[in-house]
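Visitor: Could you take me through this model, with the reasoning behind each answer laid out step by step?

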Amino acid sequence: MKGFKTLALAATAACMAFSLSGCKFISDILSGEDGEEIINGLVNDITDAVDRQDAVVNGNSVTYGSHVYTVVSEIDPATREFKQPTASVTFTNVPSNYAEFEAVYNALLGKSRAGTAAMIPMAIEMYARNADMGTRCLQLLCNGSATVDGITRILKTKLVSSEFAPENDSYIQRYMAAALLKGAVNTNAYTPDKPYTVEMTMSPNGVKEAELMGGEVTYMYILAHGWDSFQRGVEVFQPFDTEYYKVSNCPSCYTQCKNIRGTWPGLE
């Protein structure tokens, strides 16, 4: 697969050279300030094309390869139950790459309040595996760059070891995404139930029109027990002109959770 991607990149570069009047023109572009961004964009586009499969929707489920994502129950904005789950989404695996994340978002999950909120732990875990990939996932999932920047600014210090926070530093919480899943608590090393389940309900703030943002905001909770407070606030935004939802705020989903006891088994 790696060899194929390299060959595809070389072929694309060759095509560009012919279509843009020669290698010198390409060299001038790539040696400038935007060269790295151009190269990264090419690599991302080619990788996505190689990795992409069809997402198959069947009722309230979407299948991508062998991975299955299901909106078991959608959030009901009229509910007055704020402490017990009234909506849930299950998934057999964290998406393997951006192409899969994008496909399941576009096919099903992004058209659902619950589905969109459930993609938060997926994006966090994908960021922990590869920061560039995770950032792209958050750019798709969130409503703007300010939201993405606010999330990644914290994640890069919470999930990735550095000279300022070594691997054995309790501030680094690689298991943070798992803490948002049903069954995962610090005393069982954040081992969630399978299939992975995100349980949710409404916040008392309900659904409010956000005229300046050009849409409506749904105030929700992800119910998780990795923190002292199990109601983790999420704001899901839907622009007036689209069927898709976006995450506009979710800071309590990536704040310090309880320190783990034992060895985290990881997520599939």
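Visitor: Among contacts in the chain between residues at least 6 apart in sequence, what percentage join residues at least 24 apart?

Guide: Please keep in mind that this is a predicted model, and that totals for the chain use all residues. When contacts between residues at least 6 apart in sequence are taken, the share that joins residues at least 24 apart is 59%.

Visitor: How many helices and how many strands does the secondary structure of the chain come to, and what percentage of the residues count as buried?

Guide: The chain has 268 residues, and 46% of them count as buried. Its accessible surface comes to about 13,300 Å², with 52% of that area belonging to carbon and sulfur atoms. As for secondary structure, the count for the chain is 7 helices and 8 strands.

Visitor: In what order do the strands of the open sheet follow one another, and which are the edge strands?

Guide: The 8 strands form an open sheet with antiparallel pairing, in the order E1-E2-E3-E4-E5-E6-E7-E8. An edge strand is one that pairs on one side only, and this applies to strand E1 (55–58) and to E8. From one strand to the next, the twist averages 30 degrees. The edge strands asked for are therefore E1 and E8.

Visitor: Over how many bridges do E6 and E7 pair, and which residue in E7 is the bridge partner of Tyr219?

Guide: E6 and E7 run in the antiparallel sense and pair over 9 bridges. For Tyr219, the bridge partner in E7 is Glu235.

Visitor: Which strands does helix H4 lie across, and at about what angle does the helix run to E2?

Guide: Helix H4, covering residues 98–107, lies across E1, strand E2 (61–64), strand E3 (67–73) and E8. With respect to E2, helix H4 runs at about 155 degrees.

Visitor: How many disulfides does a search of the whole structure find, and why is there no bond between Cys250 and Cys253?

Guide: A disulfide is a covalent bond between the sulfur atoms of two cysteines. For Cys250 the closest cysteine sulfur is that of Cys253, at 5.0 Å, which is too far for a bond, since the cut-off for a disulfide is 2.5 Å. Both residues count as buried, Cys250 at 3% relative accessibility and Cys253 at 0%. The search of the whole structure accordingly gives a number of disulfides of 0.

Visitor: Which residues are joined into one network by salt bridges that share partners?

Guide: The structure holds 5 salt bridges, among them one between Arg129 and Glu125, whose closest N and O atoms are 2.8 Å apart, and one between Arg174 and Glu125, also with a closest N to O distance of 2.8 Å. Arg129 and Glu125 are 4 residues apart in helix H5 (residues 113–129), which means about one helical turn between them, whereas Arg174 lies in the loop between helix H7 (145–158) and strand E5 (196–210), so its pair with Glu125 ties together parts that are 49 residues apart in sequence. Glu125 is buried at a relative accessible area of 2%, while Arg129 is partly exposed at 36% and Arg174 is partly exposed at 26%. Through the shared partner, the salt bridges join into one network Glu125, Arg129 and Arg174.

Visitor: Is Asp228, which meets Lys258 in a salt bridge, buried or exposed?

Guide: The side chains of Asp228 and Lys258 meet in a salt bridge at 3.8 Å, N to O. This pair links distant parts of the chain, 30 residues apart, with Asp228 in the loop between strand E6 (215–223) and strand E7 (231–239) and Lys258 in the segment after strand E8 (246–249). Lys258 is partly exposed, at a relative accessible area of 30%. Asp228 has a relative accessible area of 76%, and because the cut-off for exposure is over 50%, Asp228 is exposed.

Visitor: Where is Pro192 found, and which residues does Pro192 touch?

Guide: Pro192 is found in the loop between H7 and E5, and its relative accessible area of 9% makes it buried. Lys182 is 10 residues away in sequence from Pro192, and their C-alpha atoms are 5.7 Å apart in space. Not counting residues up to four places away in sequence, Pro192 touches Leu181, Lys182, Gly183, Ala184 and Leu267.

Technical notes
Residues numbered from 1 in each chain as written. Predicted model: local features only at pLDDT ≥ 70, side-chain atom pairs only at ≥ 80, totals over all residues. Heavy atoms only, no water. Buried < 20%, exposed > 50% of the residue type's maximum accessible area, 1.4 Å probe, protein only. Salt bridge = Lys/Arg side-chain N within 4 Å of Asp/Glu carboxyl O. Helix = DSSP H or I, 4+ residues; strand = E, 2+ residues; numbered from the N terminus. Contact = heavy atoms within 4.5 Å. Areas by Shrake-Rupley, 256 points an atom, 1.4 Å probe, with all protein chains shown as cover. Pairing = 2+ DSSP bridges. Axes fitted to C-alpha atoms, helices over the stretch in contact; angles between N-to-C directions.
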